[in-house]
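User: I am new to this structure and would like to go through some of its side-chain pairings and their surroundings. Please reason through each answer.

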Amino acid sequence: MTARIILQLAALLGALGVGIGAFGAHGLRPMLEASGRFDTFETAVRYQFYHALGLLAVGILLHVRPELRLLSTTAWLWLGGVVVFSGSLYLLCFTGITKLGAVAPIGGLLLIAGWITLLLAARQV
């Protein structure tokens, strides 16, 4: 994955995070609170934002240091982790299918693996 694509994905995840978060906090709050899922929704948005910012940093670093190819792996892992982790929590909030909560740890493992690949890439700086 190139630095340009990583930066574009960071911008997209950030923009979606703002939109989804605002929609949840304002338009969906009564429904989320009634179902007891408001905290779950906030967790999904928070982790999406953390990793959007992380992708931004990784994209900038890869642009400056293109030889750190492992950063591309970090980006893939974080993107997959956000889709699986936050995505499964969003779906859980909107569908009430509790089995989706069992998928979230897979996304969490992808996020952790991304941080580990960042650690390994940082050893080359």
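User: With which residue does Glu 33 form a salt bridge?

Analyst: In this predicted model, a nitrogen and an oxygen of the two side chains come to 2.8 Å at their closest. That distance satisfies the rule, because a salt bridge requires such a pair within 4 Å. Both partners belong to helix H2 (residues 29–34), and four residues, about one turn of the helix, separate them. The partner of Glu 33 is Arg 29.

User: Is Glu 33 buried, partly exposed or exposed?

Analyst: The relative accessibility of Glu 33 is 45%. Buried would require a value under 20% and exposed one over 50%, so a residue in between is classed as partly exposed. Glu 33 is therefore partly exposed.

User: What is the N to O distance in the salt bridge between Arg 65 and Glu 67?

Analyst: Arg 65 is partly exposed, at a relative accessible area of 24%, and Glu 67 is also partly exposed, at 47%. Their side chains meet in a salt bridge. The N to O distance is 2.3 Å.

User: Which residue offers the backbone oxygen that the side chain of Ser 86 reaches?

Analyst: Ser 86 lies in helix H4 (residues 70–95) and is buried, with a relative accessible area of 1%. Leaving aside residues up to four places away in sequence, Ser 86 touches Ala 44, Tyr 47, Gln 48 and Gly 81. The side chain of Ser 86 reaches the backbone oxygen in question at 2.8 Å, and that oxygen belongs to Ala 44.

Methods. Residues numbered from 1 in each chain as written. Predicted model: local features only at pLDDT ≥ 70, side-chain atom pairs only at ≥ 80, totals over all residues. Heavy atoms only, no water. Helix = DSSP H or I, 4+ residues; strand = E, 2+ residues; numbered from the N terminus. Buried < 20%, exposed > 50% of the residue type's maximum accessible area, 1.4 Å probe, protein only. Polar contact = N/O pair within 3.5 Å; in protein donor to acceptor, adjacent residues only side chain to side chain. Contact = heavy atoms within 4.5 Å.
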